[in-house]
Amino acid sequence: MKLQIALDEVTIEQGLLLCEQVREQIDIIEIGTPFLVREGLHAVRAFREHFPEKEILADAKIMDAGEWEAKMCFEAGADYVTVLAVTDLLTIKECVKTAKEFGKQIVADMICVDNFPKRIKELEMAGIVNIAVHTGIDQQMAGRTPLQDLKQIKAYAKQSTVSVAGGIGADTVEQYRLAGADVVIVGGGIAHAEDPVKSARDIAEKIHRPVEESGGSCCPDSIKENNPGSGKLEQIINELSQYSPQVKQEEVYGLAKACAEAKRVFVAGAGRSGFAARGFANRLMHLGLTTYFVGDPVTPSIGKGDLLVVGSGSGTTAGMLANVNKAKAAGASVGTLTIFPEAAIGQAADIVITIPGATPKKGNQAADTATSIQPMGSLFEQLSWLVYDSIILELMELTGETGETMYPRHANLE
């Protein structure tokens with residue numbers, strides 16, 4: 001694990017002095033973007049001359065003209081140059097090609113990337129072997145930390161080292177080390193410290209300490225080799241964390257309100273989506289709502305004032321579409337959870353909750369809205385269950401019900 005010092009708010013003279021003071025602790029010197037903007041590539045040349053034994057990173061954040069801009073940075077003495085991961089792959093490939101010509105490396109900065117799994121796969125196919133987790137200063141001011149992003153990116157990166165930046169200091173660096181960072185980037189945590197040398201020393205000691213000494217979990221390669229499932233659960237959880245924010249809260253609340261106002265709620269779903277829907281119907285009953293699961297022998301006919309809730313990833317499931325059409329013809333309202341709101345069920349529904357997912361059952365013109373390591377529709381089914389549970393929480397607020405008032409309705413004939 002390496003320690004990278006980020007120089008942003010300094011002059012060349014100030015930066016040289018600071019790095020001389022912490023020379024023994026740091027591994028990589030980053031010429032930060034603000035530093036580059038103010039001083040230009042003169043800064044890279046100055047640090048290359050004064051610190052020949054250190055690795056130098058030019059945080060150019062290349063967005064266009066990949067070959068030309070990367071070449072200028074490498075000629076000035078940089079060992080690493082950053083490219084923004086959100087730019088087009090042609091630019092990234094030009095950066096990688098130029099780096100290989102110089103025997104140097106490109107770092108892909110993940111700031112503003114929405115879909116980690118998809119983009120990381122594309123980046124690595126383009127030749128990227130270094131990825132930087134980057135939570136911007138403005139995002140930090142809003143309370144966001146890069147720790148969760150680090151865990152997700154580590155789960156999906158197959159060939160890349162991962163560096164992490166974003167408000168890290170001596171008091172927080174341990175978390176990032178245990179989360180698997182290969183490079184920790186510290187700026188203000190050293191430069192703005194009351195004693196920069198002590199701060200750099202404290203950070204360096206923590207990141208170079210074996211994981212076992214701090215009580216962290218470290219699996220030897222032999223254990224990982226004998227445990228082929230290692231890391232898969234975390235990858236699934238990371239997928240759920242990655243895509244759940246794309247579910248719109250106003251859609252969730254809209255369906256909860258419709259359930260609260262309906263005379264009766266009918267719930268339907270097929271296959272694994274049906275299991276999630278059954279769980280939802282069960283909780284609606286616990287809330288005291290009159291609820292039926294479509295297909296059960298005790299389910300009555302639907303009519304005006306009722307609500308049918310259908311879970312269908314593809315939005316085209318034949319049996320579910322038939323139920324929707326019958327419900328609409330009988331005067332009932334329809335809500336649906338689906339990946340494709342433009343499909344038949346979504347078009348017929350009064351309330352739609354769009355959930356990211358992938359399914360082999362989509363129409364020929366439809367494209368998956370998420371990338372998943374899981375087969376078939378698992379991501380949609382898991383997110384559906386969580387969305388159903390979030391509807392229950394909304395309903396608890398709307399109805400005044402609590403866990404204590406719901407429990408007496410739990411089945412006592414089991």
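# A walk through the model

Start by selecting Arg 38 and Glu 39: their side chains meet in a salt bridge, with N to O at 3.9 Å. Keep in mind as you click around that this is a predicted model. Arg 38 counts as partly exposed at 45% relative accessibility, and Glu 39 is partly exposed too, with a relative accessible area of 22%. The structure holds 19 salt bridges, and we'll come back to a few of them.

**Into the core**

Next, pick Phe 35 and Phe 47. Both are buried. Their ring centres sit 6.1 Å apart with the planes at 85°, so this is an edge-to-face pair. Colour by helix and you'll find Phe 35 in H2 (residues 33–39) and Phe 47 in H3 (residues 42–50), so the pair ties together parts 12 residues apart in sequence. Add Phe 51 to the selection: ring pairs link Phe 35, Phe 47 and Phe 51 into a cluster. The count of aromatic pairs comes to 5.

Stay on Phe 47 and show what surrounds it. Leaving out residues up to four places away in sequence, Phe 47 touches Leu 7, Ile 12, Gly 15, Leu 16, Cys 19, Ile 29, Ile 31, Phe 35 and Ile 56. Which residues touch the most other members of the largest nonpolar core? Ile 29 and Phe 47 do, in a core of 64 residues. For a second, separate core, select Ala 262, Ala 281, Leu 379 and Tyr 388, which are among its 39 residues.

**Cysteines**

Go back to Cys 19, one of the contacts of Phe 47. At 0% relative accessibility, Cys 19 counts as buried. Why does its sulfur form no bond with the closest cysteine sulfur? That sulfur belongs to Cys 73 and is 17 Å away, too far for a bond. Hop over to Cys 73, which is in no disulfide either; the nearest cysteine sulfur to it, that of Cys 95, is 9.1 Å away. Cys 73 counts as buried, at 6% relative accessibility. The disulfide count for the structure is 0.

**Down helix H18**

Now select residues 378–399, which make up helix H18. At 1.5 Å a residue, its 22 residues should span 32 Å, and the end C-alpha atoms are indeed 32 Å apart, which agrees. Right after H18 comes Gly 400, with a positive phi near 80°.

Within H18, highlight Glu 381 and then Arg 272: the two form a salt bridge whose closest N and O atoms are 2.4 Å apart. Arg 272 lies in helix H15 (residues 271–286), so this pair ties together parts 109 residues apart in sequence. Buried or partly exposed: which is Glu 381, and which is Arg 272? Glu 381 is buried, with a relative accessible area of 15%, while Arg 272 is partly exposed at 48%.

**More salt bridges**

Still on H15, select Arg 278 together with Asp 296; their closest N and O atoms are 3.3 Å apart in another salt bridge. This pair links distant parts of the chain, 18 residues apart: Arg 278 is in H15, and Asp 296 is in the loop between strand S10 (291–293) and strand S11 (307–311). Arg 278 is partly exposed, with a relative accessible area of 39%, and Asp 296 is partly exposed at 26%.

For the last stop, show Glu 20, Arg 23 and Glu 53 together. Salt bridges that share partners join these three into one network.

Terms used: Residues numbered from 1 in each chain as written. Predicted model: local features only at pLDDT ≥ 70, side-chain atom pairs only at ≥ 80, totals over all residues. Heavy atoms only, no water. Helix = DSSP H or I, 4+ residues; strand = E, 2+ residues; numbered from the N terminus. Expected span 1.5 Å × (residues − 1). Core = buried A, V, L, I, M, F, W, Y, C linked by side-chain atoms within 4.5 Å. Buried < 20%, exposed > 50% of the residue type's maximum accessible area, 1.4 Å probe, protein only. Contact = heavy atoms within 4.5 Å. Phe/Tyr/Trp six-rings, centres within 6.5 Å; stacked < 30°, edge-to-face > 60°. Disulfide = S-S within 2.5 Å. Salt bridge = Lys/Arg side-chain N within 4 Å of Asp/Glu carboxyl O.
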